[in-house]
Amino acid sequence: MLFRSVLNTASNLAGQGAIFFLTFFSTPYITRRLGADRYGSLSLLMTYLFAFSLLNLGINVSLVKYLAEMLPKGRFDEMQRYFGTALTTLVGIGFLIGGAVCVLAGPIVHRFFNGPPQLTHATVLSLRIASMAFVLQFLCQVASAVPAATWHKNCSTNRSEEHTSELQSRQYL
């Protein structure tokens, strides 16, 4: 059990390290290829997506937890209510924020983007497309909760079976 925890921790650290190094070494390349103006536009879009993705309020994580707890007990009506509530909440938030940003994309770009005028239209269009992606991101987070809960359920079932067989083997020794 301890070995598995150490292995999982090392795996998470390796993944985070890979992301860090990819970002660190790819940023100069991307900046050089896009140029300062286009990179500024990309930074505006990424800031928008990351800032508003925090508004999921941990709903997807809690949904996975509750679904994983209810799945072995067969409480499917409750699971459906949790899933529906999470879906309604996150997609509602996504449409509200995404719609507002889509409508206000022009003023947002004119206020916060000091790039050349020829990039303004492309940046407004990109911000509107990112607003649609924002809604889809929330939708995918809720949809991915079901497979994640199933995986967690299977992992906990396997762990309890391993623990039971370990206890049984100790009794016979």
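**Entry 1: aromatic rings**

I began with the rings and found that Phe20, Phe21, Phe24 and Phe25 form one aromatic cluster. I am working from a predicted model, and I keep that in mind throughout these notes. Counting ring pairs over the structure, I arrived at 5 aromatic pairs. One of them joins Phe20 and Phe21 edge-to-face, with 5.3 Å from centre to centre and 75 degrees between the planes. Phe20 also pairs with Phe24, and here the rings are stacked, at 6.0 Å centre to centre and 20 degrees between the planes. I noted that Phe20 and Phe24 are separated by about one helical turn, because they are 4 residues apart in helix α1. The general rule I wrote beside this is that an α-helix has 3.6 residues a turn, so residues three or four places apart point the same way. For Phe21 I looked up the relative accessibility, which is 48%, so Phe21 counts as partly exposed.

**Entry 2: the chain as a whole**

Next I stepped back and found 6 helices and 0 strands in the protein chain, which reads α-α-α-α-α-α along the sequence. Of its 173 residues, 24% are buried. The accessible surface comes to about 12100 Å², and carbon and sulfur atoms hold 67% of that area. When I looked at contacts with a separation of 6 or more, I found that 75% of them join residues 24 or more positions apart.

**Entry 3: helix α3 and what lies against it**

How far apart should the ends of helix α3 be? For the 28 residues of α3 (residues 76-103), 1.5 Å a residue gives an expected span of 40 Å, and the end C-alpha atoms are 39 Å apart, so the two values agree. I then listed the buried residues of α3, among them Met79, Leu90, Gly94 and Ile97. The buried residues of this helix pack against α1, α2 (59-70), α4 (105-112) and α5 (117-143).

From α5 I picked Ser131, whose relative accessibility is 3%; this is under 20%, so Ser131 counts as buried. Beyond its neighbours within four places in sequence, Ser131 is in contact with Tyr48, Gly98, Val101 and Cys102. Gly98 and Val101 are also on the list of buried residues in α3.

Is Leu96, which lies in α3, buried or exposed? Leu96 has a relative accessible area of 64%, and because this is over 50% it is exposed. Its C-alpha atom is 9.1 Å from that of Val135, although the two residues are 39 apart along the chain.

**Entry 4: charged pairs**

Side chains of opposite charge can pair when their charged atoms come close. How many salt bridges does a search of the whole structure find? The search finds 2. In one, the side chains of Lys65 and Glu69 meet at 2.6 Å, N to O. Lys65 and Glu69 are 4 residues apart in helix α2, which means about one helical turn separates them. Lys65 is partly exposed at 42% relative accessible area, and Glu69 is partly exposed at 37%. The other salt bridge joins Arg75 to Glu78, with the closest N and O atoms 2.9 Å apart. Arg75 counts as partly exposed at 32% relative accessibility, and Glu78 is partly exposed at 25%.

**Entry 5: a nonpolar patch**

Last, I looked at the surface, where Tyr29, Ile30, Leu34, Leu42, Met46 and Phe50 form a nonpolar patch with about 520 Å² of accessible area together. I checked Leu42, which is found in helix α1 (residues 2-53) and counts as partly exposed at 32% relative accessibility.

Note on methods:
Residues numbered from 1 in each chain as written. Predicted model: local features only at pLDDT ≥ 70, side-chain atom pairs only at ≥ 80, totals over all residues. Heavy atoms only, no water. Patch = residues over 30% accessible without salt bridge, like charges linked within 9 Å, V, L, I, M, F, W, Y side chains within 5 Å. Areas by Shrake-Rupley, 256 points an atom, 1.4 Å probe, with all protein chains shown as cover. Salt bridge = Lys/Arg side-chain N within 4 Å of Asp/Glu carboxyl O. Helix = DSSP H or I, 4+ residues; strand = E, 2+ residues; numbered from the N terminus. Buried < 20%, exposed > 50% of the residue type's maximum accessible area, 1.4 Å probe, protein only. Contact = heavy atoms within 4.5 Å. Expected span 1.5 Å × (residues − 1). Phe/Tyr/Trp six-rings, centres within 6.5 Å; stacked < 30°, edge-to-face > 60°.
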